[in-house]
Amino acid sequence: MPRCAQATCDFVCSQLSPSLFDLALDIVFQEATSSVRTNSARVTSQLVSCFARADTAKTLDKFFHLCDRRIRQELESGAGSTRSTRTDHAIESDATLNWWIGLLTGCMANAGEQVRPLLAAFILSLSAALD
């Protein structure tokens with residue numbers, strides 16, 4: 001996402017009333033979790049990050065457990081197990097894994113203290129990824 005657009009999203013997210021923030025977060029959540037689009041993975045995770053900077057607790061509550069569950073499912077299904085240096089054709093399961101990791105990164109990037117209650121689940125996900 002160009003810096004200007006990201007700064008605009010940051011500003012808009014931080015200025016929304018609580019009810020509008022919840023509505024906008026619900027819309028982004030529905031869109032981000034309904035399908036995986038590899039061509040917009042980075043932009044989508046940056047958009048989630050804008051919401052997380054505005055209200056980390058709500059964004060973590062919305063995204064963390066779903067991302068954690070989907071990442072584990074992808075790893076159990078063999079995503080990331082095939083090594084490849086090809087950049088012209090991504091492996092489908094790896095694209096999905098990268099999508100969910102991007103969303104998780106977006107909601108946790110500026111979490112600070114709010115991530116403490118989720119730390120045990122996050123460490124389990126990391127250990128699953130390393131196995």
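Begin by selecting Phe 21 in this predicted model. Phe 21 counts as buried, with a relative accessibility of 4%. This residue belongs to helix 2, which spans residues 18-34.

Next, add Phe 51 to the selection. Phe 51 has a relative accessible area of 4% and is likewise buried, because the cut-off for that class is under 20%. How many aromatic pairs are there? The count comes to 2. Phe 21 and Phe 51 make up one of them: the ring centres lie 5.4 Å apart, the planes meet at 55 degrees, and the arrangement is tilted. Since Phe 21 sits in helix 2 and Phe 51 in helix 3 (residues 41-54), the pair ties together parts of the chain that are 30 residues apart in sequence.

Now move along helix 2 to Phe 29 and select Phe 63 with it. These two residues form an aromatic pair of the edge-to-face kind, with 5.1 Å from centre to centre and 75 degrees between the planes. Which helix holds Phe 63? Phe 63 lies in helix 4 (residues 56-76), and its pairing with Phe 29 links distant parts of the chain, 34 residues apart.

Colouring by accessibility is a useful next view. Phe 29 is buried, at a relative accessible area of 17%. Phe 63 also counts as buried, at 1% relative accessibility.

Finally, keep Phe 29 displayed and show the side chain of Lys 62. What sits over the ring of Phe 29? The charged end of Lys 62 is placed there, 5.2 Å from the ring centre. Phe 29 thus has two contacts to display: the edge-to-face pair with Phe 63 and the charged end of Lys 62 over its ring.

Conventions: Residues numbered from 1 in each chain as written. Predicted model: local features only at pLDDT ≥ 70, side-chain atom pairs only at ≥ 80, totals over all residues. Heavy atoms only, no water. Phe/Tyr/Trp six-rings, centres within 6.5 Å; stacked < 30°, edge-to-face > 60°. Helix = DSSP H or I, 4+ residues; strand = E, 2+ residues; numbered from the N terminus. Buried < 20%, exposed > 50% of the residue type's maximum accessible area, 1.4 Å probe, protein only. Lys NZ or Arg CZ within 6 Å of the ring centre and 35° of its normal.
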